[in-house]
Amino acid sequence: MISGRVVILTGNEKAYVAGTDLGAMAEGGPGDAFQLTQLTHRVQNRLAALPKPTIAAVAGFALGAGCEIALCCDFRIAADNAVFGLPEMSLAIIPGGGDTQRLPRLINPAKAARMILLGEKVMATEAKELGLVEVVVAGIQLVETEESLASRLTQMPVLAVQAAKKALQKGLDLSLQDGLQLEQELFCQLFETDDQKEGKMAFLQKRKPVFTG
């Protein structure tokens, strides 16, 4: 987290998140699976709904739960050694933390089906081509890149950022007309803020705005 206004999730150079502890799952039944997925959904839904911008900085393996966590973030940056995959089918189960829903909303549904049904892994370059990640950099540049993006985000007006995230996320679950109404409501609400007035004055005075939130 940088300045309390941006959240960065990362691992190490070998793995972002390798996945769930299979040993702990081996003897579990449907009740255990339900508890696991309930907890997973609570955590990941809270991550996805954070009003702050979130960045997944992925190096190495992002398999299963690792891929799911990355999908909950607003931005995904990958090192050139990143590998995304959903190996659950090889265990005779399916992803239980949201990949069957979030992935086909982000990338081509047919490619999402290949990743889920066939367990195909996706390397960093292909992940960028698919829109799974926005940027691919050399591993040694990952920290610099994530911090640069976070720095840019911290300079944005925080209330406007929160409103934009709400419009983007909730709008996906609404009809176009309802989404447009939501956007209109949030747009109008921002005209009550000091930052909105500061932004207009800074533009007119040809200076950099100073947003206070």
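**Legends to the structural views**

**View 1. Charged side chains of the protein chain.** The protein chain carries 21 positive and 24 negative side chains. The centres of these two sets are 6 Å apart. The model shown is a predicted one.

**View 2. Overall dimensions and secondary structure of the chain.** Measuring along the principal axes, the C-alpha trace extends over about 65 × 40 × 30 Å. The protein chain contains 10 helices and eight strands.

**View 3. Surface, burial and contacts.** About 12700 Å² of accessible surface is computed for the protein chain, and carbon and sulfur atoms contribute 59% of this area. Of its 213 residues, 33% are classed as buried. Among contacts in the protein chain with a separation of 6 or more, 65% are made by residues 24 or more positions apart.

**View 4. The four-stranded open sheet.** Four strands, in the order β2-β4-β6-β7, make up an open sheet with mixed pairing. The edges are occupied by β2 (15–17) and β7 (122–123); each has a single partner strand, and therefore one side of each lacks a neighbour in the sheet.

**View 5. Pairing of strands β4 and β6.** Strand β4 comprises residues 61–63 and strand β6 residues 83–85. The two strands run parallel and are joined by three bridges. Within this pairing, Phe61 lies opposite Val83 of β6.

How values were computed: Residues numbered from 1 in each chain as written. Predicted model: local features only at pLDDT ≥ 70, side-chain atom pairs only at ≥ 80, totals over all residues. Heavy atoms only, no water. Buried < 20%, exposed > 50% of the residue type's maximum accessible area, 1.4 Å probe, protein only. Contact = heavy atoms within 4.5 Å. Areas by Shrake-Rupley, 256 points an atom, 1.4 Å probe, with all protein chains shown as cover. Lys, Arg positive; Asp, Glu negative; His and termini not counted. Charge placed at Lys NZ, Arg CZ, Asp CG, Glu CD. Pairing = 2+ DSSP bridges.
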